[in-house]
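Reader: I am new to this structure and would like a close look at how its helices pack against one another. Please also take in the charged side chains that go with them.

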Amino acid sequence: MTALDPTTPGPNAPGPNAPGPNAPGPDTSGANTPSPAVPESAELAERLRSALQHLLPGLRGTRGEHGDLTPTRQAALGALDTHGPMRISALATRLGIALPTTSRMVDLLDASGWIERTPDPEDRRASLIALTDPGRQLLHTVRHEAAARLAARIETLSPEEQRALYTALPALESLADSTNPPTKA
């Protein structure tokens, strides 16, 4: 098992290939190494976009592997898992898709048994949607499979590249958090 194994708890858990708190890191004293120039934001954005665009298909798995679970439906289950029950309109906003499209998707997720609808306690005319136990289990399985596929690809990187990736995780996590602001139910 490596630090990048998907069964390792948490993304920041140090392991044999990851620098721990006492592991020697890059020389930050500036004594012998000049500080690399920080590239322009636009260049960073383009390189990150390109890398993600090439990584995502490998994370999605094979079409039909889990029934009718498309990437958008998986994103909806993930949003419900992360943010809890919400109205369909809040889910549409969070996913950045039209309300009618979200409503049809919710109908399909409900028919599959992956979500359930309950009356909204603040407005009985509206309903809240939430993950069911089978939906949560499916999401866990899909995420674990994707992490295993990514871990296999990470294992092909050199130890230096693995350390660089590990070092970049806090910045990537911060970027992800700032891209997904909370929405009201």
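Author: In this predicted model, helix 1, which covers residues 41–60, packs against helix 5, which covers residues 133–154, at an angle of about 130°, and the two helices are therefore oblique to each other. Their axes lie 8 Å apart, and the crossing that helix 1 makes with helix 5 is right-handed. On the side of helix 1, the residues that take part in the contact are His54, Leu55, Gly58, Leu59 and Arg60, and on the side of helix 5 they meet Ala146, Arg149, Leu150 and Arg153. Sorted by class, this contact of helix 1 with helix 5 holds 4 nonpolar, 2 polar and 3 charged residues.

A second pair of helices can be described in the same terms. Helix 3, made of residues 88–95, packs against helix 4, made of residues 99–111, with an angle of about 115° between them and with their axes 9 Å apart. Helix 3 and helix 4 are therefore roughly perpendicular to each other, and helix 3 passes helix 4 in a right-handed crossing. From helix 3, the residues Ile88, Ser89, Leu91, Ala92 and Leu95 come into contact with Leu99, Thr102, Ser103, Met105 and Val106 of helix 4. The residues of this contact divide into 7 nonpolar and 3 polar, with no charged residue among them.

Met105 also leads to another helix, since Arg73, a residue of helix 2 (residues 71–83), touches Met105 together with Asp68, Leu108 and Leu109, when residues up to four places away in sequence are not counted. Is Arg73 buried or exposed? With a relative accessible area of 17%, which is under the 20% that sets the limit for the term, Arg73 is buried.

Turning to the charged side chains, a search of the whole structure finds 9 salt bridges. One of these salt bridges joins Asp133 and Arg136, with a distance of 3.6 Å from N to O. Asp133 and Arg136 both belong to helix 5, where they are 3 residues apart, or about one turn of the helix. Asp133 has a relative accessible area of 62% and is exposed, whereas Arg136, with a relative accessible area of 38%, is partly exposed. The same two residues are also part of a wider arrangement, in which Asp81, Asp133, Arg136 and Arg143 are linked in a network of salt bridges.

A salt bridge with a similar setting within its helix is found in helix 6, which runs over residues 159–179 and contains both Glu160 and Arg163, 3 residues apart and thus about one turn of the helix. The side chains of Glu160 and Arg163 meet at 3.7 Å, taken from N to O. Glu160 counts as exposed at 52% relative accessibility, while Arg163, with a relative accessible area of 34%, is partly exposed.

A further salt bridge is formed between Arg117 and Asp110, whose closest N and O atoms are 3.3 Å apart. In this pair Arg117 counts as partly exposed, at 32% relative accessibility, and Asp110 likewise counts as partly exposed, at 30% relative accessibility.

Conventions: Residues numbered from 1 in each chain as written. Predicted model: local features only at pLDDT ≥ 70, side-chain atom pairs only at ≥ 80, totals over all residues. Heavy atoms only, no water. Axes fitted to C-alpha atoms, helices over the stretch in contact; angles between N-to-C directions. Helix = DSSP H or I, 4+ residues; strand = E, 2+ residues; numbered from the N terminus. Parallel < 35°, antiparallel > 145°, perpendicular 65-115°, else oblique. Left-handed = near helix turned anticlockwise from the far one by under 90°. Contact = heavy atoms within 4.5 Å. Nonpolar A, V, L, I, M, F, W, Y, C, P; charged D, E, K, R; others polar. Salt bridge = Lys/Arg side-chain N within 4 Å of Asp/Glu carboxyl O. Buried < 20%, exposed > 50% of the residue type's maximum accessible area, 1.4 Å probe, protein only.
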